[in-house]
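Good morning, and thank you for coming. I should like to take you through one structure, step by step, with the picture on the screen as our guide.

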Amino acid sequence: MFEADPRTAAAAYFRQAYEQQMAGEYQQAIEFYNRAIAECLEAIKVDPEFGNPYNDIGAYLIEQGKWEEAIPWLAKATRAKRYEARCYPHFNLGRAYEHKHDWEKAKECYAQAYALEERYLVALAALRRLRAMFN
């Protein structure tokens, strides 16, 4: 259905999944998320040192409410040798830890995301929000 490049196909499946989710078509959304994950796994086979597909899998799992399953994928993304936007997996990992009510780990992840990219104000806002909760 989509292009041969696994990264491009995964992004297209994600867009479809998100649209279906917003339309309330949850079963179809899950199917598209699962197809995106399969494409990311193919991308990892092609280049296991490239971090983007690991983060993408984690993000797709988060969208499905599979927070615990997302954590190992996001952690792999943070350790990947090559990654174009290192702040994203740290931020997503923070989201997962926040969902688990592990406030300290979430704050650490948000702080790391912001330290890696100071223009990533979403990470700064999340960090400040958590800090304010405990002041």
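I shall speak about helix packing, then the nonpolar core, and then several individual residues. Please keep in mind that this is a predicted model.

Let us begin with pairs of helices. Two packed helices are described by the angle between their axes and by the distance between those axes. How do H5 and H6 pack, in angle and in distance between axes? The angle is about 165°, and the axes lie 8 Å apart. An angle over 145 degrees counts as roughly antiparallel, and H5 is therefore roughly antiparallel to H6. The crossing of these two helices, H5 and H6, is left-handed.

Many residues take part in this contact. On the H5 side we find Cys-87, His-90, Phe-91, Leu-93, Gly-94, Arg-95, Tyr-97 and Glu-98. They meet Trp-103, Lys-105, Ala-106, Cys-109, Tyr-110, Gln-112, Ala-113 and Leu-116 in H6. By character, the residues of the contact between H5 and H6 comprise ten nonpolar, three polar and three charged.

Now compare the pair formed by H3 and H5. Helix H3 covers residues 52–63 and helix H5 covers residues 87–99. Their axes are 10 Å apart, and the packing angle is about 30°. Since angles under 35 degrees count as roughly parallel, H3 and H5 are roughly parallel to each other. H3 passes H5 in a left-handed crossing.

Which residues of H3 and H5 meet? From H3 come Asn-55, Ala-59, Ile-62 and Glu-63, and from H5 come Tyr-88, Pro-89, Asn-92 and Arg-95. This contact of H3 with H5 divides into four nonpolar, two polar and two charged residues.

I turn to the interior. In soluble globular proteins, nonpolar side chains tend to be buried together. In this model, the largest nonpolar core has 36 residues, and Tyr-60, Phe-91 and Tyr-110 touch the most other members. Seven helices each supply at least two residues of this core: H1 (6–22), H2 (26–46), H3, H4 (67–79), H5, H6 (103–116) and H7 (121–133). Which helix gives the most to the core? That helix is H2, with seven residues.

Phe-91 deserves a closer look. Apart from residues up to four places away in sequence, Phe-91 touches Cys-109, Tyr-110, Ala-113, Tyr-120, Val-122, Ala-123 and Ala-126.

The last name in that list, Ala-126, lies in helix H7. Ala-126 has a relative accessible area of 5% and is buried. Again leaving out residues up to four places away in sequence, Ala-126 touches Phe-91 and Tyr-110. Ala-126 and Tyr-110 are 16 residues apart in sequence, while their C-alpha atoms are 6.6 Å apart in space.

For contrast, consider His-99 in helix H5. The C-alpha atoms of His-99 and Tyr-83 are also 16 residues apart along the chain, but 25 Å separates them. His-99 is partly exposed, with a relative accessible area of 43%.

Two further histidines are worth pointing out. Is His-90, which we have already met in H5, buried or exposed? His-90 is buried, at a relative accessible area of 14%. Setting aside its neighbours within four places in sequence, His-90 is in contact with Thr-78, Cys-109, Gln-112, Ala-113 and Leu-116.

His-101, by comparison, sits in the loop between H5 and H6. At 54% relative accessibility, His-101 counts as exposed. Most residues other than glycine have a negative phi. The phi of His-101, however, is near 65°, a positive value.

Let me finish with two residues elsewhere in the chain. Gln-20 is part of helix H1 and counts as buried at 18% relative accessibility. Not counting residues up to four places away in sequence, Gln-20 touches Glu-25, Gln-28, Ala-29 and Phe-32.

Lys-81 is found in the loop between H4 and H5. Lys-81 is exposed, with a relative accessible area of 63%. Beyond residues up to four places away in sequence, Lys-81 touches Glu-49 and Arg-86. Measuring from C-alpha to C-alpha, Lys-81 lies 22 Å from Arg-119, and the two are 38 residues apart in sequence.

Thank you for your attention; I welcome your questions.

Definitions and conventions:
Residues numbered from 1 in each chain as written. Predicted model: local features only at pLDDT ≥ 70, side-chain atom pairs only at ≥ 80, totals over all residues. Heavy atoms only, no water. Axes fitted to C-alpha atoms, helices over the stretch in contact; angles between N-to-C directions. Helix = DSSP H or I, 4+ residues; strand = E, 2+ residues; numbered from the N terminus. Parallel < 35°, antiparallel > 145°, perpendicular 65-115°, else oblique. Left-handed = near helix turned anticlockwise from the far one by under 90°. Contact = heavy atoms within 4.5 Å. Nonpolar A, V, L, I, M, F, W, Y, C, P; charged D, E, K, R; others polar. Core = buried A, V, L, I, M, F, W, Y, C linked by side-chain atoms within 4.5 Å. Buried < 20%, exposed > 50% of the residue type's maximum accessible area, 1.4 Å probe, protein only.
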